[in-house]
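Reader: I have a structure on my screen and I would like to learn how to read it. Could you walk me through some features?

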Amino acid sequence: MFRTLAKATAAIAVVCTAAGAGLALDEGRAGAATPTAGAATRTASSAGASSAGSAFTGSDFTGTRKIRVDGHSVNVSCAGRAHRGRPLVMLMAGGGEGLDNVAALQKSLSRTNRVCSYDRLGEGASDQPAAGTLQTMDDTGALLTGVLDRLAGDRPVVLAGHSLGGYIAARYAPGHTDRVKGLVLLDATIPHLTRDMNRTIPADATGVPAQVRDGAIAANEGQNPEQFVIADGPVRSAGHIPVEILKHESQYAEVPEYGSALEKMWADGQREWQRISTRSSLTTAKGSGHYTHTDRPDLALKAVQKVAHRAAHQH
């Protein structure tokens, strides 16, 4: 998410702040100013990191590398040992974030799991999307498939995504249940954000509420670093895979006029995501804002470990 100088616009982080919408006052990505944030996973040499496209499997390196996927250079990071029968955990950061944002969670998970993360096009150290084009779920899904082909091979996968990363994971999983055996949604962007934002903040609103509404809608239309259209749509079923959903406790306090309505909108959207599986569970992360995995790392770690364990033992 893009950071803003004014606390009054902090709520827009929930809905993926739009570059160019007049709200992004500081376009530094969270974690980018602190190079040590991802250092724990970066033991690959510079030579290795620059060997884009070199053949390797998902279990033969620790650190960061550039790989080639459909002609694009994609920045990936992996850590931990692959254990027989255990899934690969793929972490997916939110919009406007590089993989450094999930580095702490990756480090914790790597003690017992093989875990990787990657920068989508337009994020972190990966290539930019083609200028003047919009990416759809088909495009970002194809990139994810290519990354998983390289890093997971035939192994099962658990997707764990924050915010926009959670939205993408939830849209991707139902069509790939042959591979995706579990899902963790960390305050994922809700399924009908444009519709619900228009319903919650009226067209005649002014000031910060109007900025929140207009910024969210602009981002959904593709005014974001990934040029990705965050489309409204029904929740498709992924069958019976284990799903853990972690939602924030409070995020909209700086928009008091519509704060309660926005919190209800977000909570209702998280309940919509529960329809993705007959084995889904929703938990509120007490004391957390939108960044549930940094505000409550204990709960995020527990959720991913729980799903990974169930995915490894499901029949």
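Author: We will go from the sheet to the helices, then to the cores and some loop residues. Please keep in mind that this is a predicted model.

Reader: Let me begin with the sheet. How many strands form it, and in what order?

Author: Eight strands form an open sheet with mixed pairing, and the order is 3-4-6-5-7-8-9-10. Strand 3 (63-69) and strand 10 (279-285) are the edges; each has a single partner strand, so one side of each has no neighbour in the sheet. On average, neighbouring strands of this sheet are turned by 20° against each other, direction ignored.

Reader: In which sense do strand 8 and strand 9 pair?

Author: Strand 8 and strand 9 pair in the parallel sense, over four bridges. To find the place on your screen, look for V184, which stands opposite E244 in strand 9.

Reader: Which helices should I look at beside these strands?

Author: Try helix 4 and helix 9. Helix 4 lies across strand 5 (88-92), strand 7 (157-162) and strand 8, and runs at about 145° to strand 7. Helix 9 (residues 297-313) packs on the sheet as well, where it touches strand 5, strand 7, strand 8, strand 9 and strand 10. The direction of helix 9 makes about 170° with that of strand 9.

Reader: How do I describe two helices that pack on each other?

Author: Two packed helices are described by the angle between their axes and the distance between the axes. Here, helix 3 (residues 137-151) and helix 4 (residues 164-172) pack at an angle of about 85°, and their axes are 10 Å apart. Helix 3 and helix 4 are therefore roughly perpendicular to each other.

Reader: Which residues of helix 3 and helix 4 meet?

Author: From helix 3 come M137, T140, G141, L144, T145 and L148, and they meet I168, R171 and Y172 of helix 4. Sorted by type, the residues of this contact are five nonpolar, three polar and one charged.

Reader: M137, T140, G141 and L144 are in that contact. Why would residues with such spacing point the same way?

Author: An α-helix has 3.6 residues a turn, so residues three or four places apart point the same way.

Reader: Is helix 4 buried or exposed?

Author: Nine of the nine residues of helix 4 are buried, so the helix is largely enclosed by the rest of the structure. Its buried residues pack against strand 5, helix 3, strand 7, strand 8 and helix 7 (259-273).

Reader: And what about a nonpolar core?

Author: The largest nonpolar core has 40 residues, and those with the most contacts inside it are M90, Y118, L151, L159 and L183. Helix 4 gives the largest share of this core, six residues. A second, separate core has 19 residues, including V89, V102, A300 and A303.

Reader: What does Y118 touch?

Author: Leaving aside residues up to four places away in sequence, Y118 touches several residues, among them V74, M90, L99, L143 and V147.

Reader: Finally, which loop residues deserve a look?

Author: Start with D187, in the loop between strand 8 (180-186) and helix 5 (193-200). Its phi is near 50°, a positive value in a residue other than glycine. D187 has 0% relative accessibility, so it counts as buried. Q227 also has a phi near 50°, and its loop runs between helix 6 (207-220) and strand 9 (242-248). Another loop residue is Y291, between strand 10 and helix 8 (292-295). The cut-off for buried is under 20%, and Y291 is buried with a relative accessible area of 19%.

Key: Residues numbered from 1 in each chain as written. Predicted model: local features only at pLDDT ≥ 70, side-chain atom pairs only at ≥ 80, totals over all residues. Heavy atoms only, no water. Axes fitted to C-alpha atoms, helices over the stretch in contact; angles between N-to-C directions. Helix = DSSP H or I, 4+ residues; strand = E, 2+ residues; numbered from the N terminus. Parallel < 35°, antiparallel > 145°, perpendicular 65-115°, else oblique. Contact = heavy atoms within 4.5 Å. Nonpolar A, V, L, I, M, F, W, Y, C, P; charged D, E, K, R; others polar. Core = buried A, V, L, I, M, F, W, Y, C linked by side-chain atoms within 4.5 Å. Buried < 20%, exposed > 50% of the residue type's maximum accessible area, 1.4 Å probe, protein only. Pairing = 2+ DSSP bridges.
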